[in-house]
Structure formats: structure tokens, C-alpha cells
Amino acid sequence: MTERDTFFMKRAIALAEKGMNSNEGGPFGAVIVKDNKIIAEGNNSVTSTNDPTAHAEVIAIRNACEKLNTFQLEDCTIYTSCEPCPMCLGAIYWARPKKVFYACNKDDAAQIDFDDQFIYDEIDKPIGKRNIPFVRLLQDEGRVVFKKWAEKEDKTEY
């Protein structure tokens, strides 16, 4: 870890506190850095926007992608005040940054009632055993579109 890493992490933590103090959402913040410069920031704003996906990392990823005009953040590093939840972890993997730094871990988050373990447990269950029913419907019709995607010549791969 470098002094710059510490600087960027302190900014992520400051964003977590700012968002919390302004009642935007939970105590989570994130910054995205490219070429040693912050290009995007985010703090949790779930409760103020009524958006369950408005986690700090997701907001920062959206802002970075918009600023860079890309859907991949391969040359970027994410600094987040807490180990990402399963949703944010998925978003991070789709964005493909080169590295992620985090301050608190999921056990720290669980101690203040942000416990994501139930989601990890759900992912491990067979689909028919999950707490929220998932019902397959119109698979054949859905596959038609998938086949068209596979054959589409001018698609942007990702």
C-alpha cells in the first residue's frame, strides 16, 4: 500500500460519513481512481432515492463509466469503505477494474446490521429452495432472442 492508496481510502471513508450524516443512506463510500486521479465517487443513497441498487460502489461505477465513456474500468482501481456486498461484487467483476481496496469487512458490516450472509446462503441453494420463488416462464421464446444475439454480426462483445 502506498500513501496515495491511503489518501484514496480516506476519501472513500469520508464519503461514507458524509452520506450517512446527510441521511442519504448507509455508511458506505467509494472512489474510482485512474492514473492516480479520482475520476468518480459515490456514497450509499439507498434510502434517500428509494433505490435498493444505489450502493456506493454501483454509483461510483456508473459515474466512472459515464465519465470515461466505457462500460469497462480495466485501468482503474476501486477504493471502498467496506468489503462489497454480493450485488456490488458482481458489478465490480462486470466492470473489470484492476484492483479493489476495502476498509471494513463483511463481519464489521454485520455488526451494525448490514449482514449479507443470507444472500450468500441463497446463492448456494438450488433455485427451487430459495426463499423468493424463481419460476421459469417462456424459455423457448427467450432463447430465440439469445440465438439472434449469437448470430448478430455488429454486436459489441463484453
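In this predicted model, Glu57, Val58 and Ile61 of helix H3 meet Met87, Cys88, Ala91, Ile92 and Ala95 of helix H4. By class, that contact has 7 nonpolar residues, no polar residues and 1 charged residue.

How are H3 and H4 placed relative to each other? The two helices pack at an angle of about 25°, and their axes lie 9 Å apart. Angles under 35 degrees count as roughly parallel. H3 and H4 are therefore roughly parallel to each other. Their crossing is left-handed.

**The nonpolar cores**

Both helices also feed the largest nonpolar core. This core has 17 residues. Inside it, the residues with the most contacts are Ile32, Ile39, Ile61, Ala64 and Leu73. Five elements each supply at least two residues, as tabulated here.

| Element | Residue range |
|---|---|
| Strand S1 | 29-34 |
| Strand S2 | 37-43 |
| Helix H3 | 56-68 |
| Strand S3 | 76-82 |
| Helix H4 | 86-95 |

Which element gives the most to this core? H3 does, with 5 residues. In soluble globular proteins, nonpolar side chains tend to be buried together.

Take Ile39 as a close-up. Leaving aside its neighbours within four places in sequence, Ile39 is in contact with Ile32, Lys34, Ala64, Lys67, Leu68 and Cys76. Two of these partners, Ile32 and Ala64, are themselves listed with the most contacts inside the core.

There is also a second, separate core. It has 8 residues, including Met9, Leu15, Tyr79 and Phe101.

**Ser45**

Ser45 is found in the loop between S2 and helix H2, which spans 46-49. Is Ser45 buried or exposed? Its relative accessible area is 9%. Buried means under 20%, so Ser45 is buried. Beyond its neighbours within four places in sequence, Ser45 is in contact with Glu24, Gly25, Ala54 and Ile59.

**The whole protein**

The protein has 7 helices and 4 strands. Along the sequence they follow the pattern α-β-β-α-α-β-α-β-α-α-α. The C-alpha atoms fill a box of roughly 55 × 40 × 30 Å, taken along the principal axes. Of the 158 residues, 32% are buried. Among contacts between residues at least 6 apart in sequence, 47% join residues at least 24 apart.

Key. Residues are numbered from 1 along each chain as its sequence is written. This is a predicted model: local features need pLDDT of at least 70, side-chain atom pairs count only at pLDDT 80 or more; totals for chains, interfaces and linings use all residues. Side-chain values use heavy atoms; hydrogens and water are left out. A nonpolar core is a set of buried Ala, Val, Leu, Ile, Met, Phe, Trp, Tyr and Cys residues joined through side-chain atoms within 4.5 Å. Buried means under 20% relative accessible area, exposed over 50%, partly exposed in between (1.4 Å probe, protein chains only). Contact means heavy atoms within 4.5 Å. Axes are lines fitted to C-alpha atoms, for helices over the stretch in contact, and angles run from 0 to 180 degrees between N-to-C directions. Angles under 35 degrees count as roughly parallel, over 145 as roughly antiparallel, 65 to 115 as roughly perpendicular and the rest as oblique. A crossing is left-handed if the near helix is turned anticlockwise from the far one by less than a right angle, and right-handed if clockwise. Ala, Val, Leu, Ile, Met, Phe, Trp, Tyr, Cys and Pro count as nonpolar, Asp, Glu, Lys and Arg as charged, and the others, Gly among them, as polar.
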